[in-house]
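Subject: Handing over the structure

Hello,

Here is the structure I promised to pass on to you. Please open it alongside this email, and then read on for what turned up in it.

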Amino acid sequence: MPAHYSREDLLAQRQALPIYPVRQKLLEEMRKHQTLIVIGETGSGKTTQIPQYIFTHGMTENGTIAVTQPRRVAAITLATRVAQEMGAQLGTTVGYTVRFEDMSNFKTKIKFLTDGMLLREAMLDPLLKRYSVIILDEAHERTIHTDVLFSVVKTAQKRRAEQGNNKLKIVIMSATMDVDHFSLYFNKASVVYLEGRQFPIQVFHAKQTQEDYLFSSLVTLFQIHKDAPADHHILIFLTGQEEIEAFAKSARTIAKDLQGKYPNLKVCPLFANLPQNQQMEAFNNPPPNTRKVVLSTNIAETSVTIDGIRYVIDCGRVKARTHMPATGMDILRIQKIAQAQAWQRAGRAGRQAAGFCYRAYTLNDFEKMAPNPIPEIQRCSLTTVVLQLLALGVQDPLNFDFMDKPPTELIEGAMRELHLLGGIQSTEKPVLTEVGQQMAAFPLDPRFTKLILASKELGCTEEIVSIVALLSADSIMINATAQREQANNVRAKFASSEGDHMTLLNIFRAFRTAKQNRNWCFENFVNYRNLLYAVEVRKQLAELCERMNIPMKSCNPQTEPVRRCLLSGLFLSVAEYQREGHYLTLGSRQTVAIHPSSVLFHSKPSCIVFTELVQTGKRYVRQVTLIDQDWIEELPKDTLLQLRQTFRGTVSGPHRK
Ligand SMILES: Nc1ncnc2c1ncn2[C@@H]1O[C@H](COP(=O)(O)OP(=O)(O)OP(=O)(O)O)[C@@H](O)[C@H]1O
């Protein structure tokens, strides 16, 4: 954790928050109403204080307080902060649960968890009996999981009230949301507005539309750097890892040229794929006479407080997931943010003192932005959600009580995919098959669970479980731009001519042979923490396999079973090489290219299966393995038939070079 404050300091900080004077009133409202909507400016103290007020006023006698967050970084840093404020050891009274990592125990009374984790818990206990209060935070973000939770908690509350004991309180929180819409959905729930903010934030817009938002953000950064005191740190919102690394390089180069004239500059990237210890660097205080510049994706947009940030530079864009009905897959691409997101970003500047926000877009551009982001549920693949709904006992996902109903095609598409994967009996009557039930039990995308289930027959569970664990972890390759070539040369010994999945597996095996040694990772440009995380995930998946009678058989030294297995779960992600030099995805006929980071980038095999689709200028596929075209025809007849029907007959058989 960043700065260490004394108990007195922390208490003084808590008492200075805008929420503090109204805490009694807030508690009264909470006592009066079973559901409450709380709107308060960013930084007013909602997330850190309300759970503590509830706790100290005895509303947790019958259970724990759950506080959901859309992102794991927020869940972890908030739990750490609240534990600090309460003088508790993290993981005891205050804890957190994020996927594959549980820092809570049965005594935990305030539990921060990702919305996805609470949904998982609801699958085992739809009434969520363990909790007396559930706080759904950052509701305006409308992540898929939070949207499904809206209905899940509403139903749990109603049913628990009918049973007459152990009632459930629900609190919905945000700084910016469409209050009427939310209130109506929650049976005309009461709304509490928290007035005021602790520190003012001045917002500046670009005078003209900026063609190159990166360049203009860089110029703004150095203008601030020349004038502001060294301990006034800067947070810059960018869109993704590559952009952040390129920006970091330019910023460091300029800072070097300016050395001695101005404070030193410490550049800290912050993105989801960064190992956790490096993420935490952004939260630490730099040495004296050094300015910290955090370059972040939207993972720092809501809920988090980064010590010392006085300036925010907002590029106005975000990389977001959008579903492509044509391919049946989600794609990541850069798009403009919504006004609510712009306010959240600005809000990161005024948390410990007055702040400034520089927007790399004009006031007119801002006014043209949508007020709120489009809910994920209306634009992302719903395969996992539909599976979860069915596992929760929802009989007809098309008529589920969504706050905003997703397009029917998205739900139907999800049911088709589940049917293709063997998870439901038919799309008309979506009842989970045994395979579907097993899929719901694994905390994975159903396609990956399908791989594990298929590996049983192919005798390669040992390999597949490792690969799935590696894909669940953040990137294990260290690809700092400065050392990219050196890193690639050192790692060449692990490269498999059969593709990235086998390459990942080779690294994983070598890591284990090297007794999970940290130095070995350093020497080989691979990420120690992420590999350890994969080891942990693998352990948990192996336990699940054991429970489901899937023996951990290995096909080593053969690799064909592994590649065949990849095809069996990922048949919607197959692409074939075309004479023109690009790839076409099977069925949906989308043009894609192999990402330069892939070991198959130069070899251009005729048929590939991939695990990720990204759009940065071009449409790229990442994590690629070569397969034999004949294997496609060997897929179960039903699957092929449905594949063809799904894509209206465009799958006419293998398309050869
Ligand atoms: N990790 C931390 N380090 C230092 N100060 C913190 C930390 N977390 C919270 N704070 C302080 O507590 C204040 C309130 O934070 P809190 O997360 O409760 O606000 P919020 O109203 O939920 O805002 P948001 O909607 O932006 O999440 C912050 O503005 C900051 O001053």
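A word on names first: helices here are DSSP runs of H or I with at least four residues, strands are runs of E with at least two, and both are numbered from the N terminus. With that in hand, you can place P557, which sits in the loop between α21 (528-547) and α22 (560-569). The peptide bond that joins N556 to P557 is cis, with omega at about 5°. Please keep in mind throughout that this is a predicted model.

**The whole protein**

There are 24 helices and 21 strands in the protein. Its radius of gyration is 25 Å, while the globule rule gives 26 Å for 657 residues, so the protein is as compact as a globular protein of that length. The C-alpha trace spans about 70 × 70 × 50 Å along its principal axes. Of the 657 residues, 48% count as buried. Looking at contacts with a separation of 6 or more, 73% are between residues 24 or more positions apart.

**Domains 1 and 2**

The domain assignment divides the protein into domain 1 (7-194), domain 2 (201-377), domain 3 (442-565) and domain 4 (571-646). Between the C-alpha centres of domain 1 and domain 2 there are 28 Å. The two domains touch: 20 residues of domain 1 are in contact with 17 residues of domain 2. On the domain 1 side of this meeting, α4 (72-86) and α6 (144-163) each supply at least two residues. The largest share of that side, 4 residues, comes from α4. Sorted by class, the same side of domain 1 has 5 nonpolar, 8 polar and 7 charged residues.

**Around the ligand**

Which residues are the closest to the ligand? They are T42, G43, T47, T48 and R351, out of 20 residues that surround the ligand. Two elements, α3 (46-56) and α4, give two or more residues each to this shell. Helix α3 gives the most, with 4 residues. The shell has 2 nonpolar, 14 polar and 4 charged residues. Domain 1 and domain 2 each provide at least three residues of the shell.

**Strand β10 and its partners**

Have a look at strand β10 (residues 233-237) next, where 5 of 5 residues are buried. H233, L235 and F237 point one way from the strand, I234 and I236 point the other way, and both groups are buried. β10 runs parallel to strand β13 (residues 309-314), with 5 bridges joining the two. It also pairs in the parallel sense with strand β12 (residues 290-296), over 4 bridges. I236 is a handy residue to follow here: it stands opposite I313 in β13 and opposite L295 in β12.

Is L295 buried or exposed? A residue counts as buried if 20 or more other C-beta atoms lie within 10 Å of its own. L295 has 26 of them within 10 Å, so L295 is buried. Leaving out residues up to four places away in sequence, L295 touches I236, L238, I244, F247, A248, V267, P269 and L270. One of these, A248, is 47 residues away from L295 along the chain, yet their C-alpha atoms are separated by 7.5 Å.

**Helix α13**

Helix α13 (residues 383-391) is largely enclosed by the rest of the structure, because 9 of its 9 residues are buried. Among them are T383, V385, L387 and L390. The buried residues of α13 pack against α5 (115-124), α6, α14 (408-420), α15 (434-441) and α16 (446-458). Just after this helix, G393 takes a positive phi of about 95°.

**Two loop residues with positive phi**

R142 has a phi near 55°, a positive value in a residue other than glycine. You will find R142 in the loop between β6 (131-136) and α6. R142 is buried because 23 other C-beta atoms lie within 10 Å.

K604 also has a positive phi, near 45°. Its place is in the loop between β19 (591-594) and β20 (607-616). With 15 other C-beta atoms within 10 Å, K604 is partly exposed.

Enjoy looking around!

Best wishes

How values were computed. Residues are numbered from 1 along each chain as its sequence is written. This is a predicted model: local features need pLDDT of at least 70, side-chain atom pairs count only at pLDDT 80 or more; totals for chains, interfaces and linings use all residues. Domain bounds come from an automatic or database domain assignment. Two residues are in contact if their C-beta atoms, placed from the backbone, lie within 7 Å. Ala, Val, Leu, Ile, Met, Phe, Trp, Tyr, Cys and Pro count as nonpolar, Asp, Glu, Lys and Arg as charged, and the others, Gly among them, as polar. A residue is near a molecule or strand if its C-beta atom, placed from the backbone, lies within 6 Å of it. A residue is buried if 20 or more other C-beta atoms lie within 10 Å of its own, exposed if 12 or fewer, and partly exposed in between; C-beta atoms are placed from the backbone. Two strands pair if DSSP finds at least two bridges between them. The radius of gyration is taken over C-alpha atoms; the globule rule is 2.2 Å times the number of residues to the power 0.38.
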